[in-house]
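Could you walk me through this one, helices, strands, DNA and all? I'd like the cut-offs spelled out as we go.

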2 protein chains.
Amino acid sequence: MYPDTPLPQHRKVYEILRSHITEGVFKEGDLLPSENELCTVHKVTRPTIRKALDRLANEGYIVRHQGKGSIVKGIPKGVGILSMTGTTSAIGQDNLVTQIIIQPEIRNWSEAFTFPLSQLEVETGCIYMERLRLVNGKPVFYDITMIPNVNLSRFTSRNFANKSLFDILRKYYHIEVRGGEQKLLAIVADERLKNFFNVGSGHPVLQLNRKIETNRPGFNIYSQVFCNTDEYALYGTF
Amino acid sequence: MYPDTPLPQHRKVYEILRSHITEGVFKEGDLLPSENELCTVHKVTRPTIRKALDRLANEGYIVRHQGKGSIVKGIPKGVGILSMTGTTSAIGQDNLVTQIIIQPEIRNWSEAFTFPLSQLEVETGCIYMERLRLVNGKPVFYDITMIPNVNLSRFTSRNFANKSLFDILRKYYHIEVRGGEQKLLAIVADERLKNFFNVGSGHPVLQLNRKIETNRPGFNIYSQVFCNTDEYALYGTF
DNA sequence: TTAAATTACTTGTAAATACAAGTTCAATAA
DNA sequence: TTATTGAACTTGTATTTACAAGTAATTTAA
C-alpha cells in the first residue's frame, strides 16, 4: 500500500530494542546487552548498533555509561500531553477511564480549531469523535479528535475506550507521530463544559488546540482538549 | 572552574556550525557546504562531520535531503515556552518589551512553586526577580524567576530588560538548559494579576510552573509564568 | 526542439579497524 | 587485612573504505 522501502539495519535494531523496552522484555534498571553482544546477536557491526543506541538514548529509553553499559530507563514519560502523544500516555493508563461521547463517525471537515486545512484534507473528509476522560473517577479531559478519512479500514468500529488512539494508529496502520503544533489558552467554561466537568459558573479551563503531524505526508490529526486543572495540573517534562 | 574535558571533534564542529546558524552567518534557506567540503575545512572525516550534522538535524537547525544537501532552517522555534527556554525565544524578540517589576536580588528560598528543593539549594539562597512582558504594548506575561545564588559574579547587576536570561547564562556562565518539568493550569486572575494585565474580575489566566535543569548538577532554575491568553495564545511545536 | 541517458555531484548506509577512557573485579604487594 | 596494581571488560571517538540512492545539470539521441 505504501512503498515500504526496506528499513536500514540500524533502524531495524532500534525498532526491536525499542519494542523490547516498551513491552517489558527489558525493564527499568536492567543493563542492556553490551554493544559487542548486540553485534553478534543482530549480525551487524558496532557502528550500526551504536546508531540504534544513539537514537534510543536520545529519546530517553536508555542511558549510557562509559565503562558500565547502557541502562534501561523505560518508556520516556517526558513526552506527555504537552509534547507528544495523547492523554493516555500523559497520565499513565491506570487511573484513566474514557467515556465515548460521540462514537467515531465520518463527517465533512467543518474547521480544524484555527489550523488551516490543505486541499487534500478537505476533499477526503474526516473521522470525528468526542471523548470524556475521567481520572480517578473525576472528569478532567474533554477532547474532540478529527482524523483524515483515508484508507483506515475498520477504523470507526475499533474500540477507543481503553487503548490509546496513537497506539492503534501505530500498530494497525503504521502511522507514527512525527511532531506538531499546539496553542494553549485559558478560558472560562461554557455551558457544555460546565456540564461535563460538573463545575460552576466562571470556572477556568485550560484549552489545547493541536495539529499532530505523522510519518504519512498530509495525514494530520487535529485535536482540541479541554482540561479542568482544579485537581490535576497538566504535567510534562522536556 | 569546571573540569573542562576537551570537546571531541564532532562536538566542536557542531558548536561552530550551530553558532554560525544562530548568528546569521548561515541564514534560513541557505545550502550548507557539502559534507566533503566541511571535511576539508575542519580537517576531519565524514563520519565525524555527519555526527555533528546528525545533531543539528535532530535539533531542527537543518534539514537534510539526500542528493541535494543540508538546508538551514534557522533557530528552531519549536522549542518555545512550552518545551524549553524563556518567553523571549518563544515570541521572537521583536514585539517583546520587558518591564522589571522586582530587580534581581538575593533572597532566601521561600518555596519553589510546589517543586521540592534540595538541601544544597536551600543553603545557597537564591536570586529572585519579577518581570512583566508586553507584546505589542499589551501586558501578556508576568513571570517570577528564582536562580541559585552560586558563583554568578556581577549577575544581579546585569540588564535583563532586552536580553534573554538563558542567553546570558549560556554566554557568560556557560550554563545550558538540559531539560526540566512543568505544570500547567488555568486559574482566575487575582487582584495583583488583574492589575498587571488590566483585566476585570473572573478573567481566566494560564499559569505555568517550571523547574528548569541545566548542565551544572544541582543548578536548577525555577520560574512561574502567568499568561493572559486573550489575544496571544501560547504557541509551540513539538 | 524535445526527450532520454549520462555524469557528477549530493547524502545514506555499512563494514573493518584502532585506540582512548571509564568501570569492575581479581590478583598482588604492603 | 588493606591498599594498589593490572587485566578484562564496558562505551567513546575517529579514520578509512566502499557502495547505494537521490538530485540536477549536461550531453546525447530521437
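What follows is a chat between a visitor and a guide.

Visitor: Before we start, what sort of model is this, and from which number do residues count along each chain?

Guide: This is a predicted model, where local features need pLDDT of at least 70, side-chain atom pairs count only at pLDDT 80 or more, and totals for chains, interfaces and linings use all residues. Chains are lettered from A and ligands numbered from 1 in the order in which they are written, and residues along each chain, as its sequence is written, are numbered from 1.

Visitor: Which residues come nearest to DNA strand C?

Guide: A residue is near a strand if its C-beta atom, placed from the backbone, lies within 6 Å of it. There are 23 residues around DNA strand C. The nearest are A:P8, A:Q9, A:G67, B:S34 and B:E35.

Visitor: And how many charged residues does the surface near DNA strand C have?

Guide: Asp, Glu, Lys and Arg count as charged; Ala, Val, Leu, Ile, Met, Phe, Trp, Tyr, Cys and Pro as nonpolar; the others, Gly among them, as polar. On that surface, four residues are nonpolar and 13 are polar, and the charged ones number six.

Visitor: Which residues come nearest to DNA strand D?

Guide: Here too, 23 residues lie around the strand. By class, that surface has four nonpolar, 13 polar and six charged residues. Coming nearest are A:S34, B:P8, B:Q9, B:P47 and B:G67.

Visitor: On to helix packing: are α1(A) and α3(A) parallel or oblique to each other?

Guide: Helices here are DSSP runs of H or I with at least four residues, strands are runs of E with at least two, and both are numbered from the N terminus. Axes are lines fitted to C-alpha atoms, for helices over the stretch in contact, with angles from 0 to 180 degrees between N-to-C directions; the axes of α1(A) and α3(A) come within 8 Å and cross at roughly 50°. Angles under 35 degrees count as roughly parallel, over 145 as roughly antiparallel, 65 to 115 as roughly perpendicular and the rest as oblique. So α1(A) and α3(A) are oblique.

Visitor: How does α2(A) sit against α3(A), roughly perpendicular or roughly parallel?

Guide: Their axes are 9 Å apart and the packing angle is about 110°. That makes the pair roughly perpendicular.

Visitor: Which residues of α3(A) make that contact with α2(A)?

Guide: Two residues are in contact if their C-beta atoms, placed from the backbone, lie within 7 Å. On the α2(A) side we have A:E35, A:L38, A:C39 and A:H42. Facing them in α3(A) are A:R46, A:I49 and A:R50.

Visitor: Which element gives the most to the side of chain A that touches chain B?

Guide: In the chain contact, 25 residues of chain A meet 25 residues of chain B. β6 (177–188), β7 (204–214) and β9 (234–237) of chain A each supply at least two residues to chain A's side. With 10 residues, the top contributor is β6(A).

Visitor: How many bridges join β4(B) to β5(B)?

Guide: Strands pair if DSSP finds at least two bridges between them. β4(B) (residues 126–135) is joined antiparallel to β3(B) (residues 96–107) by nine bridges. Its antiparallel link to β5(B) (residues 138–148) has 10 bridges.

Visitor: Which residue in the turn of that hairpin has a positive phi?

Guide: β4(B) and β5(B) form the hairpin, with two residues between them. The phi in question is about 50°, and the residue is B:N136.
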